[in-house]
Amino acid sequence: MSQSEIARIREQIAREYQSGTYAFSAFTVTGKHEFLTKRQENIASHFEELQRHLSPEEAMQILIEESSRNS
């Protein structure tokens, strides 16, 4: 897998975390619960995609790093 593909997935994960954080400080049209659930589902999907290209440990490390950066 190319590094650019990993970077793309990592960026998508970061955006999902940022969106989830934003939900706590801004008005959302949908309920916060539904909004946050969708973000979590998207992150899980991106994590599964990473695991197809990296070891589970490497994929989890990326998830942890992005969670820490965006919390």
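## Two sides of helix α2

On the side of helix α2 turned away from its buried residues, H33, E34 and Q40 are exposed, where exposed means over 50% relative accessible area, buried under 20% and partly exposed in between, with a 1.4 Å probe and protein chains only. The buried residues of α2 are F35, R39, N42, I43, H46, F47, E49 and L50. They lie on the same side of α2 because they cover an arc of only 160° around the axis, the arc being that of the directions from the helix axis to the C-beta atoms. An α-helix has 3.6 residues a turn, so residues three or four places apart point the same way.

This is a predicted model, in which local features need pLDDT of at least 70 and side-chain atom pairs count only at pLDDT 80 or more, while totals for chains, interfaces and linings use all residues. Residues are numbered from 1 along each chain as its sequence is written, and side-chain values use heavy atoms, with hydrogens and water left out.

## N42 and H46

N42 is placed in helix α2, which runs over residues 32-51, and it counts as buried because its relative accessibility is 17%. The side chain of N42 is joined to that of E16 by a polar contact of 3.1 Å; such a contact is a pair of N or O atoms within 3.5 Å, and within protein one must be able to donate a hydrogen and the other to accept it, while residues adjacent in sequence count only if both atoms are side-chain atoms.

H46, also found in helix α2, counts as buried at 11% relative accessibility. When residues up to four places away in sequence are not counted, H46 touches I9, Q12, I13 and E16, a contact meaning heavy atoms within 4.5 Å.

## I6 in helix α1

I6 belongs to helix α1, covering residues 3-23, and with 9% relative accessibility it counts as buried. Although I6 and H53 are 47 residues apart along the chain, their C-alpha atoms are separated by 8.2 Å.

## Helix lengths and the faces of α3

The expected span of a helix is 1.5 Å times one less than its number of residues. For the 20 residues of α2 the expected span is 28 Å, which agrees with the 28 Å between its end C-alpha atoms. Helix α3 has 14 residues and reaches 20 Å from its first C-alpha to its last, close to the expected 20 Å.

In α3 the buried residues are A59, I62, L63 and E66. These cover an arc of only 100° around the axis, which puts them on the same side of α3, whereas the face turned away from that buried side carries the exposed residues E57 and S68.

## The chain as a whole

The chain has three helices and zero strands, assigned as DSSP runs numbered from the N terminus, with H or I of at least four residues for helices and E of at least two for strands; read along the sequence, the pattern is α-α-α. Of the 71 residues in the chain, 32% are buried, and residues 24 or more positions apart account for 58% of the contacts with a separation of 6 or more. The accessible surface of the chain comes to about 4800 Å², of which 54% belongs to carbon and sulfur atoms, as computed by the Shrake-Rupley method with a 1.4 Å probe.

The mean pLDDT of the chain is 86, and 87% of its residues reach 70 or more, pLDDT being the predictor's confidence in each residue, from 0 to 100. Among the elements of the chain, α1 has the lowest mean pLDDT, 89, and helix α3 (residues 56-69) the highest, 93.
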